Amino acid sequence: MKKILSLVLALAMALSLAACGGSSDSGSSSSSTGDSSSSEGSSSSESSATESEGDGEDDASGSDSAEVADSITLWTYPIGNWGTEATVNELVEGFYEATGITVTVEYLDYTAGDEKVNTAIAAGEAPDLIMEGPERLVADWGASGYMVDISDLLDDTDIAEINEAALAACYGDDGAVYEYPLVMTAHCMAINKTVFEAAGAMQYLDEETHLWNSSEDFFAAIEAVYEYTGSAVGAIYCGGQGGDQGTRALVNNLYGGTFASADHTSYTWNSEENIKALEALVACEGIEFDASIVGGDEIAQFYQGTLNVAFCWNIAQQLDPNTAGTGSGLTLSGDEILFMAFPTEDGSDPELCGGIWGFGIFDNGDDAKIAAAKQFILYMCDSEATADAVTAANYFAVRDTVEDGTVDISDIWADNEIMNEYNVLMQYLGDYYQVTTNWTSARYQWWNMLQVIGAGGDVAEAVETYAANADAGLSE
């Protein structure tokens, strides 16, 4: 808690300095809409939570006001159990006990969450805090000028401790930090091992390394399972952007294609490698293009046994398939689930899409709320409470130590066999291209392109058209 206490002290010192100047601007309160869950240790007002005297040292909150609001709002996407009210309540109650600041939480989903946030922004009612990844907090809302630069929360020790790739993704093109990362993972795919064994398809992969022998063997496995079951094995879901990291990684890895340029300024999916991959998927009888579902629907169908391959998968799903609470690594009927990397042409190392999640602060013009939100971020991401915040997400911490290296959190998953096994995929994390220019447009163009291809459109023509639309920033 040392950094949080330092932040409180700095705010108190700033109050003394402001008092000497004869004025203090506390900002105005912001409001949020929708049903919410609030965790409060006791009733409180909108007055300052922290006031005392100091010597005028720099204000670590980055605020001209010495006030720290005693209540803030957090909107969170379903990142592991950060989408579960009981779990989040325990975390925010701990924060209240440490700071006296209450947190009202609203839970978003990936179907309507983005629209809800954008509507709130347009109405001037954005939450104080939001939890998600850089593709939203940095490339979208940060780039649009809606987020607070929180680079003041990162000292040299933090920069050294946090995974380099994860931290780099949290910087905007303007050099500002719009997200403080908490957890990360590698996205992957999964197979129904029980069905694959019955179909004689396990010969096409390495169960120990979780790698496919080759792209050719991947398609051979799909064909074997298709012949065994007589129904679609996997689906190229394209009803929207939900879970689209799975279809992107599948296409890019099959024959060595890429999605975006290394400098994150343009899109490169209009390549011969990606066209070859898409043509192969269209030709595969066991793979169907389904414009009626998104990633979450595919997960549900895989869990229920309708599909025997899932392209939208990660460690959170492996620990709790379909968030159903019916057993780690098992389908509804009890079949065993084996997580897999995406196939490559010659069985070489794949490049997996990374998932990075953390917190950002909306700039609602209320310095007291911003100061309180910064305390929340430090509490969850750099204190003795960080281990609980990480395990709640069911992902891997972006750092091994917190509190200036004095608290070791590297062993928080030591007793979890599945987490330790899944760690084999972390070495294959590829470029975090989700911060490429016009990212929102690119996601829209990608799933619309898949719909056109799935409906029988010319693959090469569709790829060229929609990649160009993405570069142009078109969203329709």
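Among contacts in the chain between residues at least 6 apart in sequence, 76% link residues at least 24 apart. Keep that figure in mind while reading this predicted model. The chain is built from 17 helices and 16 strands. It has 476 residues, and 56% of them count as buried. The exposed surface of the chain comes to about 18,400 Å². Carbon and sulfur atoms supply 44% of that area.

Three places show the detail. Start with H264. This residue sits in a loop, with α9 (244-254) on one side and α10 (272-283) on the other. Is H264 buried or exposed? Its relative accessible area is 19%. Buried means under 20%, so H264 is buried. What does its side chain pair with? The side chains of H264 and D431 are joined by a polar contact of 2.8 Å. D431 has company. Leaving aside neighbours within four places in sequence, H264 is in contact with D431, Y432, Y433, V435, T436 and T437.

Next comes N192. This residue belongs to strand β6, which covers residues 188-192. The relative accessibility of N192 is 1%, so the residue counts as buried. Where does its side chain point a polar atom? One such atom lies 3.2 Å from the backbone nitrogen of T194. Other contacts of N192 come from further along the chain. Not counting residues up to four places away in sequence, N192 touches F302, N308, T331, D335 and E336.

Finish with a helix pair. Helix α16 spans residues 439-454, and helix α17 spans residues 459-472. Their axes come within 9 Å. How do the two helices run relative to each other? The axes cross at roughly 165 degrees. Angles over 145 degrees count as roughly antiparallel, so α16 is roughly antiparallel to α17. The crossing of α16 past α17 is right-handed.

Which residues make up the meeting faces? From α16 come S441, A442, Q445, N448, M449, V452 and I453. From α17 come V459, A462, V463, Y466, N469 and A470. On the structure, trace these two sets of residues to see where α16 and α17 meet.

To recap the three places: H264 is a buried loop residue whose side chain makes a polar contact with that of D431. N192 is a buried residue in strand β6. Helices α16 and α17 lie roughly antiparallel and pass in a right-handed crossing.

How values were computed
Residues numbered from 1 in each chain as written. Predicted model: local features only at pLDDT ≥ 70, side-chain atom pairs only at ≥ 80, totals over all residues. Heavy atoms only, no water. Helix = DSSP H or I, 4+ residues; strand = E, 2+ residues; numbered from the N terminus. Buried < 20%, exposed > 50% of the residue type's maximum accessible area, 1.4 Å probe, protein only. Contact = heavy atoms within 4.5 Å. Areas by Shrake-Rupley, 256 points an atom, 1.4 Å probe, with all protein chains shown as cover. Polar contact = N/O pair within 3.5 Å; in protein donor to acceptor, adjacent residues only side chain to side chain. Axes fitted to C-alpha atoms, helices over the stretch in contact; angles between N-to-C directions. Parallel < 35°, antiparallel > 145°, perpendicular 65-115°, else oblique. Left-handed = near helix turned anticlockwise from the far one by under 90°.
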